[in-house]
Amino acid sequence: MRNALSVQNLVKRFGSFTAVNDVSFDVEDGKFFSILGPSGCGKTTLLRMIAGFYRQDSGRILLNGQDMDGVAPNRRPVNLVFQNLALFPMMNVFENVAFGLRRRGEKGPAVEAKVRDMLERVGLPESGKKEIGQLSGGQKQRIAIARCLVLEPAVLLLDEPLGALDAKLREHMKVELKALQSKVGTTFVYITHDQSEAMVMSDRVAVMNNGVFEQIGSPQELYHSPRSSFVAQFVGANNKLPVTLSGGATPMASYARWSGLRTTAPAAGFSEGEPHDLFIRPESMVINPPEDSGFNILPVTVKAILFDGGNSRLLVSPSGTEDELTVALPQTRQYDHIRARDEIRVGWDPSASLCFRRSEWKLYDEE
Amino acid sequence: MKSSRAGFLFFFLPVALWLGLLIVLPHLELLRLSFTSSRDGGLTLSNYSAFFNEPIYWLTFVRTALYSTLVTFIAMALALPVAFYITKVARVQAGGFLMLLVLVPFWVSELIRVYGWIILLRESGVINQLLMAAGLLDRPIEMLYNDVTMVMGLVYTSMLFMVVPVIGVMDALDDALIEAAYDLGASKTAIWRTIIIPHCTPGLVSGGIIVFMLALGSYLTPNLMGGKNSLWFTEQIYNQIILYFNWNQGAAFGFLLLLLSSLIIWLGLRVTGQSLKDVVK
């Protein structure tokens with residue numbers, strides 16, 4: 001399959017700060033590609049370079065195989081759905097959708113037919129005469145996308161367009177956006193800091209941190225086999241235990257007063273005594289496993305029960321430590337007897353845990 | 001209840017006095033005068049018919065209206081890029097400084113500003129001397145007392161009143177709208193035509209009303225920079241009242257000028273689809 005978008009060794013600096021550092025990726029035609037990263041990781045800068053609002057310091061951007069260097073935003077076959085949508089309040093819905101077509105010099109019935117067809121596709125066939133102020137949040141969203149799709153771009157760029165919506169509507173729009181994308185078949189490049197948005201909608205996800213891509217893969221790959229400690233923590237929920245490693249090909253991890261926790265060796269290799277982090281997903285943790293299961297087992301104190309329906313968890317603390325772990329709490333009534341301050345055991349299959357050399361980063365801004 | 005009524009009166013009374021004593025009462029008197037004969041004091045339409053029968057009067061009138069409109073459009077054309085630069089291109093601190101530069105000339109009186117132009121443009125003025133020193137001119141040329149200079153002077157003296165409201169609306173324009181238009185394939189002229197100017201229309205219209213009224217009622221600038229040839233309608237009113245002591249004729253001219261400005265502002269609002277309520281907001 002050919003690539004709708006190909007980015008090669010892209011670099012962008014602002015003064016001494018490198019916002020995008022040697023990023024390369026390809027997006028196949030018709031795919032939903034997400035760039036996931038915390039705020040300030042450079043994802044917006046990357047998107048604005050693809051749209052043409054910034055010029056890269058080095059590297060190439062190819063759209064449908066054509067080098068876009070020096071091509072102005074109004075001449076590129078990409079369109080951008082802005083974070084705040086940027087619908088034109090001085091025009092009604094029809095004129096908003098027709099805007100790009102008119103700029104191409106298209107006139108009369110052809111414009112009308114295309115706009116009507118596009119409004120129908122996004123499920124708002126009767127809204128042409130409405131003013132922008134009369135639309136609800138979700139409708140504005142769809143018009144902003146329709147305004148771009150009507151131009152049949154090679155790639156549609158979306159800059160966190162769901163950010164401003166309330167939680168329920170956001171859940172709904174995730175599903176709807178994915179459905180719309182597979183219906184129209186346009187290549188979507190979606191940037192977000194919300195890992196759930198990226199996972200639900202995308203065919204492939206790139207995880208970005210400090211201006212570089214840490215990993216590109218399907219949502220399943222990122223979840224099951226993260227290749228860096230950042231990806232392990234950023235994609236899906238994860239528990240982190242500070243450990244040191246000893247031994248050879250099948251190392252043993254020591255955490256607090258427990259040694260001999262079996263684990264998988266870090267892919268990059270390790271030297272004994274170096275600080276590492278052991279990652280275990282809450283859903284990989286088992287409450288009160290049988291002693292002969294071959295699991296790593298820690299005695300813990302229950303600090304709180306975080307009831308959230310099917311997503312309920314226990315907040316526990318390994319006995320004698322201040323560390324906190326979250327453990328999935330299946331709502332099968334089997335664990336209903338567990339109360340706060342209870343002493344229980346939790347365990348996990350060693351193959352379900354991952355070990356990385358310790359590194360520090362910010363997962364979110366504390367504003 | 002009582003105190004709020006007292007408060008209302010406290011603030012309303014000065015406004016009512018100001019409007020009543022300085023605007024309504026004189027106009028009622030002028031209205032009466034304009035329908036009164038200067039010879040016998042009887043009721044007459046002769047003051048108004050004189051205007052239509054004497055070509056110099058209505059030609060001056062039309063000329064004043066046309067040039068005031070021209071001044072308004074030139075001020076708009078200049079204010080748009082200035083406001084765009086101050087609000088969108090310059091950095092925040094520089095924007096404040098540039099705004100100050102626009103304001104500074106208005107700290108001195110109109111008279112001084114016009115004299116500034118005279119010092120620059122007169123036969124023995126700065127520009128003529130510079131051009132002669134550079135060898136570009138053999139003898140000085142008269143740059144004052146023509147229509148171009150007069151229009152330039154009027155634009156200069158009223159510019160601020162266009163720039164301020166346009167900066168106000170331009171500042172409220174979301175940059176993302178400009179980028180979105182650019183992204184959707186609009187050229188720079190298309191962005192100005194379809195996004196920026198429609199967004200700035202309320203500011204342009206309110207600035208336009210002020211500049212138009214200032215230009216139409218201006219006396220000093222046309223008189224000093226346009227000289228005898230300026231043929232500005234305010235001079236006709238001045239001449240009637242001060243030179244000929246013909247208050248009746250002057251009053252009639254004053255009312256015609258009031259009608260003219262009301263008519264053109266009404267037309268302007270109709271054409272741009274704005275309501276007076278939105279524009280003065």
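# Notebook: chains A and B of a predicted model

I started with a single residue pair, and I noted that A:L10 has A:V23 as its bridge partner in β2(A). This is a predicted model, and I read every entry below with that in mind.

**Entry on the hairpin.** Having found that pair, I looked up the two strands around it: β1 (residues 3-14) and β2 (residues 17-28) of chain A run antiparallel and are joined by 8 bridges. I then checked the link between them, where β1(A) and β2(A) form a hairpin with 2 residues in between, and I wrote down that A:G15 in the turn has a positive phi of about 60 degrees.

**Entry on chain A as a whole.** I stepped back to the full chain and listed 8 helices and 20 strands for its secondary structure. The C-alpha trace of chain A spans about 75 × 45 × 40 Å along its principal axes. Of the 367 residues in chain A, I found that 38% are buried. I also looked up how far along the sequence the contacts reach: among contacts in chain A with a separation of 6 or more, 66% are between residues 24 or more positions apart.

**Entry on a sheet.** Next I followed an open sheet of 6 strands in chain A, whose order is β6-β7-β8-β3-β9-β10 and whose pairing is mixed. Its edge strands are β6 (78-81) and β10 (212-217) of chain A, each of which pairs on one side only. On average, neighbouring strands of this sheet are turned by 20 degrees against each other, with direction ignored. Within the sheet I picked out β3 (residues 32-36) and β9 (residues 204-209) of chain A, which run parallel and are joined by 4 bridges; there, A:I35 has A:A206 in β9(A) as its bridge partner. I also noted that helix α1 (residues 43-51) of chain A packs on the sheet, where it touches β3, β6, β7 (155-159), β8 (187-192) and β9 of chain A, and that the direction of α1 makes about 150 degrees with that of β7(A).

**Entry on two helices.** I turned to α2 (residues 93-103) and α3 (residues 108-121) of chain A, whose axes come within 10 Å and cross at roughly 125 degrees. α2(A) and α3(A) are therefore oblique to each other, and α2(A) passes α3(A) in a right-handed crossing. For the residues that meet, I listed A:F94, A:V97, A:A98, A:L101 and A:R102 in α2(A), opposite A:V111, A:K114, A:V115, A:M118 and A:L119 in α3(A). By class, this contact of α2(A) with α3(A) has 8 nonpolar, no polar and 2 charged residues.

**Entry on A:K129.** I looked up A:K129, which has its place in the loop between α3 and α4 (137-149) of chain A. Because 9 other C-beta atoms lie within 10 Å, A:K129 is exposed, the cut-off for exposed being 12 or fewer. Leaving aside neighbours within four places in sequence, A:K129 is in contact with A:N92 and A:F94. From C-alpha to C-alpha, A:K129 and A:V93 are 6.2 Å apart in space, although 36 residues separate them in sequence.

**Entry on the contact between chains.** Last, I looked up where the two chains meet, and found that the contact takes 17 residues from chain A and 15 residues from chain B. On the side of chain B that touches chain A, α8 (175-183) and α9 (188-216) of chain B each supply at least two residues, and α8(B) gives the most, with 6 residues. I noted the classes on that side of chain B as 9 nonpolar, 3 polar and 3 charged residues.

Notes: Residues numbered from 1 in each chain as written. Chains lettered and ligands numbered in written order. Predicted model: local features only at pLDDT ≥ 70, side-chain atom pairs only at ≥ 80, totals over all residues. Contact = placed C-beta atoms within 7 Å. Nonpolar A, V, L, I, M, F, W, Y, C, P; charged D, E, K, R; others polar. Axes fitted to C-alpha atoms, helices over the stretch in contact; angles between N-to-C directions. Parallel < 35°, antiparallel > 145°, perpendicular 65-115°, else oblique. Left-handed = near helix turned anticlockwise from the far one by under 90°. Pairing = 2+ DSSP bridges. Buried ≥ 20, exposed ≤ 12 C-beta atoms within 10 Å, placed from the backbone.
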